[in-house]
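Thank you all for making the time this morning. I would like to walk through one structure with you, going from a single helix outwards to the contacts around it.

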Amino acid sequence: MESEEACVLARETAQPFAYLGGRATAGLIAALRGEAGIAAGMNEELRGSGVLPGMRFATVIAQQTDGLLALIDGRPEEAFRLLAQIFDPADPHHHSLMQWTVAPDLADAAVAAGAEDEARKVLADLPELANRLPSEMMINALAYTDAVLAPDDEAEERYAGAMAALPSGWPLSRARLQLHHGRWLRKQRRYVDAREPLRQARDGFDRLGARYWAEVAGSQLRATGETKADRLRNPVDSLSPREMQIAVLAARGLSNREIGQRMFISHRTVGTYLYRIYPRLGVANRFQLVAVLGDQVGNEPDQQDG
């Protein structure tokens, strides 16, 4: 939502570069959430801008989004090709730093396309660079790809090492890695062992609102013979802290503009939040939120979230 807010501010202040940067980020977030139509529309707008070629970081994000959309759509070979271009210094989508944020996506596409060996070659410099520059981005890229691309006889140890090494502030990477681990265990016919990482992945995706990935994890979980994979869970638990705060304020009767003033975001952004919150909670308007949120409407503190 912050990227959407940035787009609004950039448009209102006539800053085209900031606007395109915000749209690129919003498109990537939509793709990661599995909202393919929204992401594709944003990327089409980006690709149609004559300014984009001069914005290398936005170009990389647009290419990453295209790769994720191809992967989600069941075109793994195309996804791998699109993502691998980001690592090619001769390609206009290349970025020597941002390429490492794409490494987990490249590994996902490689596994789906059966191109693990090629992916290892593309990422050959990663271990040394991560050792020299141990930022969270590099640690995340190395831990994730080291496990996902591991040969079967080393995978168990590498998954354990990767889960321990992943930075705590990267919950999407953790959920995706748990999904891969569960898939690998199921492939080894270790169905009971596969259930726990798949449950954790599904619940992690639920909390992040990544519905596509949550459905994939749920499908994998059912394939292990889990009979309670579709158990009823409190939909309120899927809300992020910011979504919960907005839902509570809306249930208390505050208008979108009043909520926006408290949280330092625009009323349009509040409306976008509520548009996504309502169907997840099974309600049609703010008045029905009271019944769903119950005591939380009265107990939730009024925190200001900058």
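Is helix H6 mostly covered or mostly uncovered? Before I answer, please keep in mind that what we are looking at is a predicted model. The answer is that H6 is mostly covered, with 11 of its 15 residues buried. Those buried positions include Gln99, Trp100, Val102, Ala103 and Pro104, and they also include Asp105, Leu106, Ala107, Asp108, Ala109 and Ala110.

As for its geometry, H6 runs over residues 99-113 and reaches 20 Å from its first C-alpha to its last, which is close to the 21 Å expected at 1.5 Å a residue. There is nevertheless a kink of about 30° in this helix, and that kink is centred on aspartate 105, which is itself among the buried residues I have just listed. After the helix comes glycine 114, which has a positive phi, near 70°.

Let me turn to what H6 touches. Phenylalanine 80 is in contact with Leu106, Ala109 and Ala110, and also with Ala115, Glu118 and Ala119, if we do not count residues up to four places away in sequence. From another direction, threonine 145, which has its place in helix H9, residues 136-148, touches Ala103, Pro104 and Ala107 as well as Leu123 and Leu126, with the same exclusion of residues up to four places away in sequence. Threonine 145 has a relative accessibility of 5%, and therefore counts as buried.

H6 also takes part in an aromatic pair. A search of the whole structure finds four such pairs. In one of them, the rings of phenylalanine 87 and tryptophan 100 have their centres 5.8 Å apart and their planes at 75°, so the pair is edge-to-face. This pair links distant parts of the chain, since phenylalanine 87 lies in the loop between helix H5 (76-85) and H6, whereas tryptophan 100 lies in H6, 13 residues apart. Both phenylalanine 87 and tryptophan 100 are buried. Elsewhere, ring pairs link Phe205, Tyr212 and Trp213 into a cluster.

Some of these names return when we look at the nonpolar interior. The largest nonpolar core has 65 residues, and of these Phe80, Phe87, Leu177, Leu179 and Phe205 touch the most other members. Helix H4, residues 56-72, gives the most to this core, with eight residues. Apart from it lies another core, of 23 residues, among them Met244, Met263, Ile265 and Tyr273.

I will now move to the charged side chains. Side chains of opposite charge can pair when their charged atoms come close. In this model the count comes to 15 salt bridges, and I have chosen three of them to describe.

The side chains of arginine 276 and glutamate 35 meet in a salt bridge at 3.5 Å, N to O. Here arginine 276 sits in helix H16 (residues 267-281) and glutamate 35 in the loop between helix H2 (16-32) and helix H3 (36-47), so that the pair links distant parts of the chain, 241 residues apart. Arginine 276 is buried, with a relative accessible area of 15%, and glutamate 35 is buried too, with a relative accessible area of 12%. These two residues belong to a network of salt bridges that links Arg33, Glu35, Arg211 and Arg276.

The second example is glutamate 154 with arginine 158, whose side chains meet at 2.3 Å, N to O. Because they are four residues apart in helix H10 (residues 152-165), about one helical turn separates them. Both are partly exposed, glutamate 154 with a relative accessible area of 33% and arginine 158 with one of 26%.

The third also starts from H10: glutamate 156 in that helix pairs with arginine 190 in the loop between helix H11 (171-187) and helix H12 (191-208), 34 residues apart, and the closest N and O atoms of this salt bridge are 2.6 Å apart. Glutamate 156, at 33% relative accessibility, counts as partly exposed, as does arginine 190 at 32%.

Finally, a word on valine 292, in helix H17, residues 286-293. Valine 292 is partly exposed, at 29% relative accessibility, and, leaving aside its neighbours within four places in sequence, is in contact with Val236, Leu281 and Val283.

Note on methods:
Residues are numbered from 1 along each chain as its sequence is written. This is a predicted model: local features need pLDDT of at least 70, side-chain atom pairs count only at pLDDT 80 or more; totals for chains, interfaces and linings use all residues. Side-chain values use heavy atoms; hydrogens and water are left out. Helices (H or I, at least four residues) and strands (E, at least two) are DSSP runs, numbered from the N terminus. The expected span of a helix is 1.5 Å times one less than its number of residues. The bend at a residue is the angle between axes fitted to the seven residues ending there and the seven starting there. Buried means under 20% relative accessible area, exposed over 50%, partly exposed in between (1.4 Å probe, protein chains only). A nonpolar core is a set of buried Ala, Val, Leu, Ile, Met, Phe, Trp, Tyr and Cys residues joined through side-chain atoms within 4.5 Å. Contact means heavy atoms within 4.5 Å. A salt bridge is a side-chain nitrogen of Lys or Arg within 4 Å of a carboxyl oxygen of Asp or Glu. Rings of Phe, Tyr and Trp (its six-membered ring) pair if their centres lie within 6.5 Å; planes under 30 degrees apart count as stacked, over 60 as edge-to-face and the rest as tilted.
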